[in-house]
Structures are given as structure tokens and as C-alpha cells.
Amino acid sequence: MSDRASPSSPGAAGAGVGSEAGAAGAAPGSEEAAASAAELAAMRRALALAASSDVVPSPNPRVGCVLLDPAGRTVAAGFHRGAGTPHAEVDALRQAGGRARGGTAVVTLEPCAHTGRTGPCADALLAAGVARVVYGQADPNQLAAGGAARLAAGGVAVVGGVLAEEASALNAAWTFAVTHGRPFVTWKVAATLDGRVAAADGTSRWITGAAARADVHRLRAEVDAVLVGTGTALVDDPSLTVRAADGSPGPCQPLRVVMGMRAIPDGSRLRDGLAPLRVLATHDPAAALAALAAEEVRHVLLEGGPTVAAAFLRAGLVDRVVWYLAPALLGAGPAAIDDLGIATITDIRRLRVATVDRVGHDLRITATMEPEPHD
Ligand SMILES: NC(=O)c1ccc[n+]([C@@H]2O[C@H](COP(=O)([O-])OP(=O)(O)OC[C@H]3O[C@@H](n4cnc5c(N)ncnc54)[C@H](OP(=O)(O)O)[C@@H]3O)[C@@H](O)[C@H]2O)c1
């Protein structure tokens with residue numbers, strides 16, 4: 001739990017710019033220092049609202065906002081729906097009209113202080129006469145940060161870090177991308193029990209069942225780009241779009257990215273116009289990610305074959321693995337990854353399992369790259 005501003009840890013935040021480290025100008029333990037029960041409930045609602053949209057607002061984060069009157073009653077609630085649309089605070093303020101004056105804004109992310117496609121939310125809250133702001137995650141984006149300080153300078157009581165862990169979890173890939181300067185990379189594999197991703201003749205449809213394939217479409221809907229090498233593009237002729245079980249396209253399509261030197265023929269599914277396509281004539285994963293970061297891609301789903309997977313792993317550019325394991329055997333055919341340069345067992349690359357789920361007839365193992373302590 002990171003509810004460090006809750007009444008159970010009253011010294012953690014306060015009026016002025018509260019933070020997990022303590023609050024400037026606040027009397028620790030004062031009533032102002034903690035989020036009230038109504039504010040905590042409002043934060044939970046704001047978190048649910050932020051998560052509610054089917055469409056990831058990328059390149060922006062998911063954000064929710066609930067406005068309370070001085071008695072702690074909800075007057076409005078809003079969330080951000082995507083770049084160029086109102087931020088959560090503005091969405092809620094528009095609904096509240098004059099009723100925001102003297103009240104509290106409860107926001108999942110620190111209100112921004114910069115002018116991007118829309119104006120600074122900190123200024124909108126000041127103009128609306130909000131007396132207090134309670135936020136979850138501090139803004140990790142250097143471009144937009146500083147909203148809490150601006151609000152405090154304007155006389156608003158500010159409490160940060162409320163349900164911060166939950167708030168950060170809403171935007172894990174976005175947070176990673178803005179702090180690391182490159183997209184978060186999820187590597188997805190569909191393999192047999194003997195670790196094969198295709199048969200000896202290169203065919204690979206369908207190693208896993210319908211439920212796992214539907215789950216991959218859900219994964220694609222969460223990312224900004226799906227990346228394969230030319231090998232997969234030419235052998236499989238994949239479409240890499242988000243589709244429902246009946247084949248209908250999802251409301252939002254990630255960028256399709258192919259990495260490699262060979263040309264993608266005109267008749268390929270990747271050229272069907274259903275989603276944009278980028279061909280990156282490089283073998284360097286870091287260069288590919290830099291090109292995608294320049295397009296504000298926050299999360300890449302790596303769906304390539306063994307060659308590209310090994311290149312990203314060798315470069316240390318895989319952050320999470322989603323491995324669909326089919327109870328099936330091939331005995332021959334390409335393994336999931338090419339050579340990683342590991343010659344002896346002491347150099348084994350261990351991962352940390354985050355979740356194991358059954359998806360239809362298959363298993364889904366999610367792992368991160370921090371090695372699990374091994375005994
Ligand atoms: N079951 C699964 O989850 C799954 C997923 C994907 C693919 N597959 C299977 O994997 C097979 C294709 O394997 P693959 O390894 O050829 O696919 P790949 O890794 O997607 O593509 C490899 C090609 O990409 C280019 N490339 C990009 N970066 C590279 C780098 N760092 N080093 C070397 N080459 C790089 C090279 O082509 P250029 O010469 O054009 O540069 C290379 O031949 C197919 O049978 C497919 O069905 C299975």
C-alpha cells in the first residue's frame with residue numbers, strides 16, 4: 001500500500017506540496033495533512049474512471065478526477081479520453097461549473113503545469129477556485145511536472161501520494177517510457193511445451209487456441225505499436241491488427257512496425273491500410289525504439305520471431321514477457337529465441353514470474369526481467 005497520506009500515516013503528506021517524503025509548510029499530523037475518508041473514496045472512483053475507457057489515451061496517461069464540495073460530496077467526475085481531448089481535471093471542471101469553487105479536486109496524477117495540446121490543468125484548477133487538491137502519482141514527466149508546486153504557490157492545499165501505487169499501476173508503461181526515454185517492451189510468444197514457435201516448414205498457425213489468440217488481441221489493444229522482423233512479416237503475412245472474435249476491427253489500432261532490410265510486398269496484409277505501417281530498415285533494437293519514441297510510442301508489443309526476440313533480449317530491451325504455452329509438441333522447428341550467447345549454465349538468464357493463468361486450453365505466464373532468487 002502506498003496510501004501514505006492516509007490517516008494511518010498522518011505525517012507523510014500535508015498542506016503545501018505534500019509528498020511521500022513529507023510536506024513543505026505542513027504541520028505533520030494536522031487535519032489538513034491527510035486525505036479524508038471522502039477523498040480516499042473519491043480517489044478510488046477516480047482510479048476506476050481512469051481505467052474505464054476501452055481506448056488507451058496514449059501517448060498520454062490514463063487520468064481520472066473527482067471534484068468534491070467542501071462537505072465532501074461529489075459534484076463532478078471526469079477522465080481523460082486521449083490526446084487533444086480535455087484532461088481529466090478539465091473534463092470534471094466543465095461539468096461542475098461554479099460548484100468547484102472552495103472544493104477539493106481528487107486526481108489520480110499530479111495536475112500538469114505545461115501547455116501541450118491543451119493548457120495547464122494546475123491553472124484551470126486555480127481559475128476554478130478549487131481550495132484543495134489531492135493527487136495520487138507525482139508526474140514523472142519532466143515536461144509536465146510542477147503542477148503541485150504551482151497550485152501550492154497559488155494558495156491551494158495540496159496532498160500527494162494518495163493511493164500512489166494504484167495510480168502508478170494505471171500507467172506503468174507510460175511511466176516507464178517518460179522516465180527511461182524509450183518505450184516499454186512486452187515480448188509475446190506462443191510456443192509448444194518443447195519451446196517451438198513454428199513447425200519445421202515455418203508454419204505457425206495456430207499453436208495456441210482461440211482464447212489465447214483473443215488474449216493477444218487484448219494485449220495489442222493496450223499497446224501503441226506491434227513489432228515484428230521481416231522474417232515473420234514475409235513467412236506469416238500477419239495483419240497485426242486488433243480484432244474481435246468475429247474479425248471486426250477494434251476501435252483503436254496500434255502502429256504496425258517491421259524491422260529489417262527486406263521489402264514488404266505490396267499485397268501483404270501489413271499494407272492493407274487498416275492500421276499505419278512503419279518499416280524500420282535497421283537491425284539495431286535501440287535505434288528502432290528511439291525511432292518509435294520519437295513518435296511518442298510508449299509501449300511496444302514485440303511479436304517477432306526468434307531472430308528479433310534474441311536481438312532485443314541481447315540488448316537488454318525486453319521489460320516483460322507474456323508467454324502462451326500450448327500443451328502441444330512439435331519436436332522440430334525454430335525455438336522461441338535464437339542464440340543469446342549463453343555458453344554455460346551459470347550464465348542462464350532467469351526471469352521473475354508475475355502471473356500464471358489458464359487461458360482456454362493454454363497457459364499464460366507473465367514474467368519480468370528481474371531474476372527470481374534461485375535456490
Ligand atoms: N509462435 C510465435 O509466437 C511466433 C511469433 C513470430 C514468428 N514466429 C515464427 O518465426 C518464424 C520467423 O522467424 P524469424 O526469426 O525469421 O522472424 P523475425 O525475427 O520476425 O525476423 C527476422 C528478420 O528480421 C530482420 N532483422 C531485424 N532485426 C534483426 C537483427 N537484430 N538481427 C538479424 N536480423 C534482423 C532480418 O531480416 P532482413 O534480412 O530483412 O533484415 C531477419 O531475417 C516464422 O516461422 C514465424 O511463423 C512465431
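Here is a short chat about how some labels in this predicted model come about.

Reader: Why is leucine 240 called buried or exposed, whichever applies?
Author: Leucine 240 has 25 other C-beta atoms within 10 Å. The cut-off for buried is 20 or more, so leucine 240 counts as buried. You'll find leucine 240 in the loop between H8 and strand S8 (255-259), and its phi is near 60°, a positive value in a residue other than glycine.

Reader: And what makes glutamate 296 partly exposed?
Author: Glutamate 296 has 13 C-beta neighbours inside 10 Å. Exposed would need 12 or fewer, and buried 20 or more, so glutamate 296 lands in between, as partly exposed. Glutamate 296 also has a positive phi, about 60°, although it is not a glycine. Its place is the loop between helix H9 (285-293) and strand S10 (299-302).

Reader: Which residues come nearest to the ligand?
Author: Gly229, Gly231, Gly260, Gly305 and Ala311, out of 27 residues around the ligand. A residue makes that list if its C-beta atom lies within 6 Å.

Reader: What does H8 give to the shell around the ligand?
Author: Five residues, the most. Strand S6 (184-192), strand S7 (225-229) and helix H10 (306-314) are also among the elements that each supply at least two.

Reader: How do you know which class prevails in that shell?
Author: Just from the tally: 13 nonpolar, 11 polar and three charged residues. Glycine goes under polar there.

Reader: How many residues of domain 1 are in contact with domain 2?
Author: Seven, and they meet eight residues of domain 2. A contact takes C-beta atoms within 7 Å. On the domain 1 side, five are nonpolar, one is polar and one is charged.

Conventions: Residues are numbered from 1 along each chain as its sequence is written. This is a predicted model: local features need pLDDT of at least 70, side-chain atom pairs count only at pLDDT 80 or more; totals for chains, interfaces and linings use all residues. Helices (H or I, at least four residues) and strands (E, at least two) are DSSP runs, numbered from the N terminus. Two residues are in contact if their C-beta atoms, placed from the backbone, lie within 7 Å.
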